[in-house]
Protein chains: 2
Amino acid sequence: MREITAADMKDMARGAAVLGTGGGGDPYVGRLLAQQALDRHGPVRLVDVDEVPDDALVVPTAFMGAPTVMLEKLPAGDEMTRALRALEKLLGRTVTHTVSIEAGGLNSMIPFVAAAELGLPLIDADGMGRAFPELQMLLPTLGGIPATPMAVADERGNDLILRTVDNGWAERLARSATVEMGCSAAVSLYALTGAQVKEFMVRGTMTLCERLGTAIREASRNHTDPVAAATDVLAGRRIFTGKLVDVRRGTAGGFVRGDAVLEGLAEDAGHTLEFAFQNENLVARRDGEILASVPDLICVLDSDTGEPVTTEALRYGLRVSVVAAPCDPRWRTPEGLALAGPGVFGYDHPYVPV
Amino acid sequence: MREITAADMKDMARGAAVLGTGGGGDPYVGRLLAQQALDRHGPVRLVDVDEVPDDALVVPTAFMGAPTVMLEKLPAGDEMTRALRALEKLLGRTVTHTVSIEAGGLNSMIPFVAAAELGLPLIDADGMGRAFPELQMLLPTLGGIPATPMAVADERGNDLILRTVDNGWAERLARSATVEMGCSAAVSLYALTGAQVKEFMVRGTMTLCERLGTAIREASRNHTDPVAAATDVLAGRRIFTGKLVDVRRGTAGGFVRGDAVLEGLAEDAGHTLEFAFQNENLVARRDGEILASVPDLICVLDSDTGEPVTTEALRYGLRVSVVAAPCDPRWRTPEGLALAGPGVFGYDHPYVPV
């Protein structure tokens with residue numbers, strides 16, 4: 001166990017946004033929300049997965065919606081607390097811990113807000129080891145854990161409880177509700193025991209976020225290559241360096257979808273890299289050849305500063321480096337690929353591991 | 001109190017579809033469902049509003065969605081019971097009665113199904129004295145009664161509980177859920193005390209449905225004018241007789257919207273009548289002049305048989321009579337018109353009472 005204070009949030013949010021692979025929310029917004037909550041309520045206890053009792057009641061908290069909208073429609077009230085309390089009431093048991101459902105600039109910070117407001121310890125883990133656009137794309141789904149009962153709460157005071165026949169229906173019904181709520185809402189779902197957290201979540205995600213964020217900051221300060229520093233921590237590979245020359249992006253059905261084109265610089269001069277996204281980056285093609293795809297991580301970083309560039313921050317002229325990194329090995333199983341592999345996103349190419 | 005058996009359902013469903021003003025569901029489907037439930041579980045006790053104790057817990061049951069879809073996607077399972085039980089559990093009290101939320105071929109029959117399955121008495125009343133397309137358009141809304149907590153259940157086994165800041169938000173969120181569920185779902189909402197039923201519901205709706213249905217059947221059998229018989233019971237006025245020469249109809253946003261044109265026959269020869277609908281008939285114009293509009297009732301009846309013609313049954317060549325009838329006087333107050341007057345449906349003409 002260690003105590004996390006507002007001062008730790010900047011590195012952690014930066015690293016979380018790298019693992020967010022374009023989605024999972026804006027690190028600036030996420031950091032501000034978490035810092036505000038920690039300033040008000042004091043530090044949050046970050047506990048290791050092994051410290052969690054097997055019979056703990058762990059309830060994750062997150063924001064669901066289109067990241068472009070979350071940038072402008074900030075979580076403003078008590079919606080995270082309301083979502084968690086609604087689930088607690090339904091389960092008839094006291095929640096003992098919260099945890100992050102996905103790595104991402106906003107969604108790794110929201111659990112800090114909930115933990116601070118409710119005085120709960122936060123578990124050093126997440127449900128994906130990255131971010132994915134749909135809520136059933138979680139390792140616990142592979143373990144047969146139901147996403148519901150699930151609570152959805154908006155900033156106006158509207159609350160929803162879902163019980164669905166499977167996690168795909170939870171996604172469909174919660175998505176349509178969040179669209180109606182203005183494309184973003186607080187959610188609480190996938191209630192787990194401590195034993196289930198140990199078996200099905202990704203361990204150490206929050207400290208990995210912090211290490212990533214710290215490595216980028218220190219390299220940038222020391223005038224060494226921050227992209228190389230991030231690539232090392234990710235055990236990944238830089239697959240392209242270039243300049244953004246085209247971005248197409250639209251918000252539809254509660255997601256941000258689009259693609260972007262990079263014109264190569266330095267050793268990539270004369271080549272192009274295209275990548276497509278649905279909240280998160282899905283597939284990267286160099287001169288038409290697939291270099292990386294879901295479920296592996298495709299991270300876009302500012303070439304100068306190493307700062308992660310989210311889907312909604314992509315704009316003409318940005319000089320960026322694209323880093324591909326291996327996903328959690330459970331995503332590479334046939335079941336994992338059936339849940340979040342290229343075919344699920346409409347691509348007919350086979351998955352080639354980074 | 002009287003006992004209602006399967007044999008009573010045909011007249012009652014017919015009359016309910018007349019009051020449904022084009023919406024509220026198909027009387028054939030509604031009657032079959034109710035007859036089946038009454039055959040299986042025995043008769044339902046229909047109680048007068050004055051027989052309901054003030055502290056009764058009354059929970060209405062209904063189907064929400066696009067009537068065109070409900071014709072093909074029949075309520076098939078335990079969804080009505082599930083919706084009512086979910087609300088009961090949430091309220092922490094035993095439901096003592098159920099009631100119809102609106103008059104309509106399907107939605108006046110659904111409460112019979114729920115009453116039969118759960119052994120509950122059904123109150124001789126409804127929430128509108130007609131049908132309206134949106135769930136906040138209920139007289140109890142005028143009385144400040146919240147629509148939520150509200151339960152939504154589909155035939156697959158998906159359940160939703162809503163708690164919203166107002167009844168308009170209940171409509172928005174429940175509508176998007178029912179669209180996702182395939183444009184129809186069972187709902188339980190507007191939990192009321194017996195005292196609130198007495199104050200805010202329309203009394204005697206079920207017996208009015210039965211009288212209407214019986215009058216039409218008897219006139220048809222006796223070769224007298226069934227439309228005149230219905231008009232008498234409604235205390236209304238026949239505004240047009242003609243042949244359907246055009247129907248435009250589309251399902252969008254969970255509603256059926258469209259309009260129809262009649263070419264006059266007999267004393268209306270040489271004239272046309274146009275009417276527009278959103279699930280229910282909204283406004284009727286004779287040669288461009290408004291003869292009737294919401295919240296008054298615009299009922300389309302088969303000229304020969306007097307059978308009500310629902311929105312989804314409109315088709316070229318049908319010979320129909322249009323009857324306008326006064327709505328419950330509470331709809332004619334400024335508050336009533338603000339909730340369900342012409343302006344709410346996008347019309348800028350003032351309301352002229354029938």
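## A three-stranded sheet in chain B

In this predicted model, chain B contains an open sheet of three strands, arranged in the order β1-β2-β5 and with mixed pairing. The edges of this sheet are formed by β1 (2-4) and β5 (122-123) of chain B, each of which pairs on one side only.

The pairing between strand β2 of chain B, which covers residues 44-47, and β5(B) is in the parallel sense and extends over two bridges. Within this part of the sheet, Val47(B) is found opposite Ile123(B), a residue of β5(B). As a general point, the strands of a sheet pair through backbone hydrogen bonds, and they do so either parallel or antiparallel.

## Strand β7 of chain B and its neighbours

Strand β7 of chain B, made up of residues 150-153, is covered on both faces. Met150(B) and Val152(B) lie on one side of the strand, Ala151(B) and Ala153(B) lie on the other, and all of these residues are buried.

With β8(B), strand β7(B) runs antiparallel, and four bridges join the two; in this pairing Val152(B) stands opposite Leu160(B). The two strands form a hairpin that has five residues between them, and in its turn Gly157(B) has a positive phi of about 120°. Strand β7(B) also pairs in the antiparallel sense with strand β9 (residues 184-188) of chain B, here over three bridges, and in that pairing Val152(B) is placed opposite Val187(B) of β9(B). Val152(B) therefore has a partner in β8(B) and another in β9(B).

## The interface of chain A and chain B

The contact between the two chains draws 17 residues from chain A and 17 residues from chain B. Together the chains bury about 1,700 Å² between them, and 55% of this area is on carbon and sulfur atoms.

Strand pairing also crosses from one chain to the other, since β8(A) and strand β8 of chain B (residues 159-163) pair in the antiparallel sense over five bridges. Among the residues involved is Leu162(A), whose bridge partner in β8(B) is Leu160(B). Leu160(B) is also the residue that stands opposite Val152(B) in the hairpin described above.

## Polar and charged features of the interface

Two salt bridges are found across the interface of chain A and chain B. One of them is formed by Arg172(B) with Glu180(A), where the closest N and O atoms are 3.1 Å apart. Seven residue pairs in polar contact are likewise found across this interface, counting pairs in which both residues are at pLDDT 80 or more.

On the side of chain A that touches chain B, the elements giving two or more residues are β8 (159-163) and α7 (167-180) of chain A. The largest share of this side, six residues, comes from α7(A). Sorted by class, the side of chain A that touches chain B consists of eight nonpolar, four polar and five charged residues.

## The surroundings of Gln278(A)

Gln278(A) has its place in strand β14 of chain A, which covers residues 272-278. Its relative accessible area is 6%, and because buried means under 20% on this scale, Gln278(A) counts as buried.

The side chain of Gln278(A) is joined to that of Glu134(A) by a polar contact of 3.3 Å. When residues up to four places away in sequence are not counted, Gln278(A) touches Pro133(A), Glu134(A), Phe255(A), Val256(A), Arg257(A) and Phe345(A). Glu134(A) thus appears both as the partner in the polar contact and among the residues that Gln278(A) touches.

Key: Residues numbered from 1 in each chain as written. Chains lettered and ligands numbered in written order. Predicted model: local features only at pLDDT ≥ 70, side-chain atom pairs only at ≥ 80, totals over all residues. Heavy atoms only, no water. Contact = heavy atoms within 4.5 Å. Buried area = accessible area lost by both parts, 1.4 Å probe. Salt bridge = Lys/Arg side-chain N within 4 Å of Asp/Glu carboxyl O. Polar contact = N/O pair within 3.5 Å; in protein donor to acceptor, adjacent residues only side chain to side chain. Nonpolar A, V, L, I, M, F, W, Y, C, P; charged D, E, K, R; others polar. Buried < 20%, exposed > 50% of the residue type's maximum accessible area, 1.4 Å probe, protein only.
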